[in-house]
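Good morning. I will take you through a few parts of one structure, one part at a time. Please keep the sequence and the picture open while I talk.

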Amino acid sequence: MSTAGFNSQNGTGTGQTYTNGPSQNPVALQQLPGVSYGMTHQPTYNPVQAKAPAPLGPGLYPSGPYQPAPPVGSYQPGPTLTSYPAPPGQPLMTRPLLGAPPSHTPPQSASPGPRLPPPQATPPPPAVSSSNYYPNPQQPQHMPPAWQYNNTPPPMGPASSMGTPPHGAMANHVNPAASLTAPLLPPSSAAYSSAPAAHVSHSGAQPPGPGMPPTSLHGYIQPGTAPPPMGPMGPMGPNTYQPGRAPYGPPRTGPPPTMKPTPPPTGPPMANAQPPPPRADAQCGGAVNSTLPPTEPDYQDGDIECPGNMAGNGPQAPNSHNHVDNQMAGMPQHGPPGRHLGHYPSLPPGYQNTPAPHNATPPIHPAMQAATQPYTQAHQPYQQPPGGPGPAQLSPSLAAMSLQSSTPEALRVVNLLQERNLLPPSPVPPPTPCLPQDLQKINCNPEVFRSTLTSIPQTQSLLNKAKMPLGLLLHPFKDLSLPVVTSSTIVRCRSCRTYINPFVSFLDQRRWKCNLCHRVNDVPEEFMYNPVSRSYGEPHKRPEVQNATIEFIAPSEYMLRPPQPAVYLFVLDVSHNAVETGYLNVFCQSMLDNINALPGDSRTKVGFITFDSTIHFYNLQEGLSQPQMLIVSDIEDIFLPTPDSLLVNLNECKELVQDLLKSLPTLFQKTMETQSALGSALQAAFKLLSPTGGRMTIFQTQLPNLGVGALQSREDPNQRASAKDIQHLSPATDFYKKLALDCSGQQVSVDLFLLSSQYCDLASLGCISRYSAGTVYNYPSYHHQHNPAQVECFTKDLKRYLTRKIGFEAVMRIRCTKGLSIHTFHGNFFVRSTDLLSLPNVNPDAGFAVQMSIEENLVDLQVVSFQAALLYTSSKGERRIRVHTLCLPVVNSLSDIFAGADVQAISGLLACMAVDRSATASLSDARDAMTNAAIDSLTSYRQSVLTIQQPGLLAPACLKLFPLYILALLKQKAFRTGTSTRLDDRVFAMLQLKYQPLVYSLLMIHPALYRVDDLTDEGALNINERTIPQPRVLQLSVEKLSREAAFLMDAGTVMYLWIGRNCNPNFLSQVLGVPNYAAVPENLYLLPELDTAESQRTRAFIGWLRDQRPFFPPMHVIRDESQLKPTFMQNMIEDRTESALSYYEFLLHLQQQISK
């Protein structure tokens, strides 16, 4: 029953110039008077006061208990910045006062206003109670604020240009956002809301121009060159393409569905429309990089993902500097967006073809099926299919598929207080969108592209009523076997720059209609030729129109410089503390073992820097008999002693590199140097990598305490469990964030390996990876002798890290159908321009999330589409574009929205939002907002969907696990209170929730529990001649444990094997190799390889679980007296603890709030 809310915004104060994951989008780019974005000069900054947000009308939220507060800005305009601003001392958000419960009667004022508490100096400190969910049992009616994750923020005024950092002192400056005035809010709520995002317009159009002449014939690379998938689908076979799918929309059998005619388009024809003057292109980053001088090309401009001189694109703007495309302003469009533009013949767009049926084995997701068929069918002559609607212009026949026609399983009413065993016996599959079968077969793999709602509401007000967040979760660079196309012509919409995909409509053989902006485009002459069948005149059979996920070899138009080589720089802590952990031996040995497997080609470069209180460089120049160590002790003014010989060609200098790796562990064996000058080492590494870009890998074992970037301990161990609100979740200094943004501008990504048993201020250090698209790895209490499980984990992770696929100098843009907009991003990146994510490196283990809103009614659309395009340089020096396209239906009823809810995706997105709320407001605010998310959605379901009111806590079957996942989040290491949690461990858990793909983070939120002492082959999987038992998933409650059994808990990053005191002696001897319980070793972390059926089954099952993720989860064997037993028990989410409710008590609390 929320009373107010705000959009998440990262940052520590007002006036902050860098936004990232999530970030409010900069304002939609508008052209300032006299300034043309993309020109070589830089316009002077002029802060523009944005319009005040309009009062929210009654259509946004129903009157009654859900009165939203309009977003207000927390940024204030400031002077033009010439250096990085220091963060203000006060936090951006303060804990809002909990307000009284709103009544169910509408307000008496003419327009509904926000219900906010009166201003107060400080809220009264509530008492902690273990019997009541809210802190103060005397005031159970007080409700904290919750997210308004669906409100469309008001538009903002023009913004000046925004650029990536050029070389030299001037770097990474963006103009402060204009402040927003909010006359509807009392002064006390000024800190409630961060700056609203201006939404990206997807309706721009570009006047037609001459297409490219026919060029060389298209090559087609057989797919299958990518590594096999890591997910549970198993390795995919050779991924080939079936050119001869049956045309989409064949005549149906049986009675025809109810149809209503599509009205003709209204308004004058578009053929004679005059294009308006050009404007800066928000889609293609028109204002990006305008700060660069004409003599200095931007290595990875925002526009490079939208080049202008490709097929079907108009001529390039003559004055644009390094901007390959300046998109023209949108043409006026008459009539609904779902219909034809102008008077084009109303031909049935029936080129959507269906793939062949599934193969029985191995199991492959339908979205990938189209990419796994052999090229067998011969050329078929072009013919107009007999009928059937195209997916971007579906007739109302789709309405006949409304979920209300018969109550599906997803809407079955579940009384959560009565049904105890809700957990399904096997992992929860993602819901399937309610699309025609032909479309669903070619839809994007949900492991790559997933929406929180698989049925998109027609209007924002309908979305507001549903009280569920709308967003996308992406895993764009996932290891997949996918088709790769080499073509001189990459066909894209001339208006919105969407890549042609399976969900466009072909009006005839020569024209196709974009499924995002609905513009009609010409089919280029080159696209008429099918390189697969070597036939002409079948554009609908090309791989681009047959696969929702595809990769292009990009032509030279997508490059602003030659593709960079693979460059790897390793920065190693060699202080006394680091040598004591023994990590250096493991690192050097792993490098020696995998040096030939590093991704790259003949140009690959490597370099090494070590540091303690001084910085040590290593001259590895060809011709030397042994590596030369060069020490720089002036850490305040760091310089490169021999810039040309510190990064060397790996193939030419491999022997010197190997000699260095063999000598490094002994070189510092007797060091007594205890200080750590990490900041200076990072500066030196940045100087070394700046000319080329590349990957910087940091190994750190203690708190940096010397020179720039020095930190002090901020953790009070005595407050780990007792503090009501956790402090110091935000960085102590902006040094690491600034350096990360400098790195991002020079295409350098920074990965951090933290191996320490002491506090290292990960909240500050983590910024170096977060804003440079890097990754943080954490190994607490790492020691080569005392913690062998961590050593095994580090070794396996390091091998994967060194050898996995990598993309350099990447950018990613997410587009969506006109009427939808993206306003917040989550993950590790830097938002370069509006909707362009800068990713100096991209790896196959990184996930992203975005929040969305509905700007325009989607009444005339039957489906909407989303497209993610990732442009990157492969380790072999190829410029590639990976494109994923997702299609979802549009619905107009709340019941259909609920039926399509993806409870796992919703929980994953809420976790990202809660991490940001913890940093910008407080941990208790984040916890309260998550609880209110469950209350709000179940209240909406009860009030608006249920036709017969019944007692109990009622939920649709698709949301039956929602309260369980929310409770699991509240007890997760990132958000739990009342339990001793190291600050670095808490921050690391938050970082993982932000950048782990959903399939991996779910296990960290809600672990899986299995009984493993009685594994059988019944229902087992057969994968690569291995039999994998499939025990059922158990509830996370002590009542499921038995002293006579053994249980495996898979918590994502770690596994626990719990052995009951009276465990079956056969399991102990056949699996653990011990005669009895007392003989089980205390620190057992490896199962012995015994030649017994029980051992083989158990090891096969654990190995299969581990193979489904890219990182290595260590396993700990737990006995009754084990030190790790409390950690194991903390994951029993459904049980009550001293500081947290049980699952049943939590359900009672939800029911109490919903029934108010």
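**A hairpin and its surroundings**

Let me start with a hairpin: β14 and β15 are joined by one, through three residues. Before going on, please note that this is a predicted model.

The first arm, β14, covers residues 605–611, and three bridges hold the antiparallel pair of β14 and β15. As an example, T610 has H616 of β15 as its bridge partner. On to the next strand: β16, residues 628–632, runs antiparallel to β15, with five bridges between them. Here I615 is set opposite V632 of β16.

Is β15 mostly covered or mostly open? Mostly covered: in this strand, residues 615–619, five of five residues are buried. The side chains are split by direction, with I615, F617 and N619 pointing one way and H616 and Y618 pointing the other way. Both groups are buried.

Next, one residue from a loop. I635 sits between β16 and β17, and β17 is residues 648–649. Why does I635 count as buried? Its relative accessibility is 7%, and buried means under 20%. Which residues does I635 touch, once neighbours within four places in sequence are set aside? They are S613, T614, I615, A677, S680, L706 and G707. You have already met I615, as the residue opposite V632. As for G707, it is 72 residues away from I635 in sequence, but the C-alpha atoms of the two are 6.6 Å apart.

Now for two sheets, starting with one that pairs antiparallel. This open sheet has four strands in the order β3-β5-β25-β22. Its edges are β3, residues 449–451, and β22, residues 820–826, and each of these pairs on one side only. On average, neighbouring strands here are turned by 25° against each other, ignoring direction. Between β22 and β25, residues 848–854, there are six bridges, and the two strands run antiparallel. In that pair, L820 faces I854 of β25. A helix, α13, residues 903–920, lies across β3, β5, β22 and β25, and runs at about 100° to β25.

The other sheet is also open and has four strands, in the order β29-β32-β33-β34, but its pairing is mixed. The strands at its edges are β29, 1008–1011, and β34, 1115–1118; each has a single partner strand, so one side of each has no neighbour in the sheet. From one strand to the next, the twist averages 20°. For a parallel pair, look at β33, residues 1055–1059, and β34, which are linked by four bridges. Y1056 is the residue opposite H1116 of β34. This sheet has a helix lying across it as well: α19, residues 1093–1107, crosses β29, β32, β33 and β34, at about 10° to β32.

Last, the cavities. How many cavities of 30 Å³ or more does the structure hold? There are 10. I will describe the second largest, with a volume of about 80 Å³. Its lining includes A773, G774, T775, N828 and Y995. Strand β24, residues 836–842, gives the most to this lining, with three residues. By type, the lining divides into six nonpolar and six polar residues, with no charged ones.

That is my last item. Thank you.

Notes: Residues numbered from 1 in each chain as written. Predicted model: local features only at pLDDT ≥ 70, side-chain atom pairs only at ≥ 80, totals over all residues. Heavy atoms only, no water. 1 Å grid on protein atoms, 1.4 Å probe; cavity = no way out; pocket = protein on both sides within 12 Å on 5 of 7 lines; lining within 4 Å. Points joined across faces, edges and corners; volume = space filled by probe spheres on them. Nonpolar A, V, L, I, M, F, W, Y, C, P; charged D, E, K, R; others polar. Buried < 20%, exposed > 50% of the residue type's maximum accessible area, 1.4 Å probe, protein only. Pairing = 2+ DSSP bridges. Axes fitted to C-alpha atoms, helices over the stretch in contact; angles between N-to-C directions. Contact = heavy atoms within 4.5 Å.
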